[in-house]
Amino acid sequence: MRRLSAILLPIVGVLYPFVVYFGMEKVAPPVFALVLGSIWLIRAPSLLREPGGRWMVGAALAYCVLLAVTGEGRLLRWYPTLISLLLLATFGVSLIYGPPIIERVARLREPELPPEAVPYTRKVTWVWVGFFVFNAAVSAALTLWAPLKWWTLYNGLLVYFIMGVLFVGEWLLRQRLRRRHA
C-alpha cells in the first residue's frame with residue numbers, strides 16, 4: 001500500500017490536466033475535490049515526515065475544501081500553480097534551513113557525499129527554485145488568460161518536457177564534473 005500511495009499522487013499530477021480538460025464539463029468540481037483530497041489523505045502519513053510535507057498536505061487539502069465548498073470550476077485550473085508554489089516553498093526553505101533538497105536526494109544514493117559536491121547540490125537546488133518560479137508564473141498566466149487547450153498542453157505535456165531537459169542536462173553536467181574530478 002505504501003508503494004501504491006507513493007506513486008498515486010504523481011500519477012494523478014501527470015494526468016490531472018487531461019482529466020480536467022475531458023471531465024470539466026461532465027464532473028462537478030466537488031467530485032474532483034473529493035477524489036483529489038482522498039489521494040492527498042492517503043499520501044499524508046508519509047508526506048508529513050518529509051521536509052515541507054505538513055505545508056504541502058495542509059495547502060492541498062485547503063484547496064480541495066475550497067473547491068468542494070465553492071463548486072467553482074475555474075479553481076480546477078489553479079492546482080498545477082499551487083503544486084509549483086508548494087514545491088518552490090519547499091526547495092526555497094531548504095536553501096535557508098538546509099540541507100538543500102538536492103543534497104538530501106544525493107545523500108540517499110551516496111550517504112558519504114564528497115564535500116566538494118555539497119555546493120553543487122545547492123546550485124542545482126537553486127536551478128529548481130528558478131524552474132518552480134517559472135512554472136508557477138506560466139501556469140498562472142495560462143489559468144488566467146489562455147484557453148483550456150493551451151493550459152492543458154502546457155501543464156499536461158510541455159512542463160514535463162522542460163523537467164526532462166532539466167533532469168538530463170543536470171545528469172550530463174554531473175557526469176562531466178565527476179570525470180573532471182576523478
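Biologist: How many salt bridges does a search of the whole structure find?

Modeller: This is a predicted model, and side-chain atom pairs count in it only at pLDDT 80 or more. With that in mind, a search of the whole structure finds a number of salt bridges equal to 3.

Biologist: Which residue forms a salt bridge with Arg43, and is Arg43 buried or exposed?

Modeller: Arg43 has a relative accessible area of 13%, and because buried means under 20%, Arg43 counts as buried. Its partner is partly exposed, at 39% relative accessibility. The closest N and O atoms of the pair are 4.0 Å apart, and the residue that completes the salt bridge with Arg43 is Glu50.

Biologist: In which helix do Glu103 and Arg107 lie?

Modeller: The side chains of Glu103 and Arg107 meet in a salt bridge, at 2.9 Å from N to O. Glu103 is buried, with a relative accessible area of 8%, whereas Arg107 is partly exposed at 31%. The two residues are 4 residues apart, about one turn of the helix, and both lie in helix α5 (residues 101–109).

Biologist: What separates Arg174 and Glu170 along helix α7?

Modeller: The side chains of Arg174 and Glu170 meet in a salt bridge, with 2.7 Å from N to O. Arg174 counts as partly exposed at 23% relative accessibility, while Glu170 is buried, with a relative accessible area of 17%. Because they are 4 residues apart in helix α7 (residues 148–181), what separates them is about one helical turn.

Biologist: How many aromatic pairs does a search of the whole structure find, and are the rings of Tyr21 and Phe22 stacked or edge-to-face?

Modeller: The search of the whole structure gives 8 aromatic pairs. The rings of Tyr21 and Phe22 have their centres 4.9 Å apart and their planes at 90°, and since planes over 60 degrees apart count that way, this pair is edge-to-face.

Biologist: Which residues do ring pairs link into a cluster with Trp128?

Modeller: Trp128 and Phe131 are both buried, and they are 3 residues apart in helix α6 (residues 117–145), about one helical turn. Their ring centres lie 5.3 Å apart with planes at 80°, so this pair is edge-to-face. Ring pairs link Trp128 into a cluster with Phe91, Phe131, Phe132 and Phe167.

Biologist: From which helix does the largest share of the nonpolar patch come?

Modeller: The surface patch is formed by Leu4, Ile7, Ile11, Val14, Leu15, Val19 and Tyr160, with about 570 Å² of accessible area together. Val14, one of these residues, counts as partly exposed at 36% relative accessibility. The largest share of the patch, 6 residues, comes from helix α1 (residues 2–23).

Note on methods: Residues numbered from 1 in each chain as written. Predicted model: local features only at pLDDT ≥ 70, side-chain atom pairs only at ≥ 80, totals over all residues. Heavy atoms only, no water. Phe/Tyr/Trp six-rings, centres within 6.5 Å; stacked < 30°, edge-to-face > 60°. Buried < 20%, exposed > 50% of the residue type's maximum accessible area, 1.4 Å probe, protein only. Patch = residues over 30% accessible without salt bridge, like charges linked within 9 Å, V, L, I, M, F, W, Y side chains within 5 Å. Areas by Shrake-Rupley, 256 points an atom, 1.4 Å probe, with all protein chains shown as cover.
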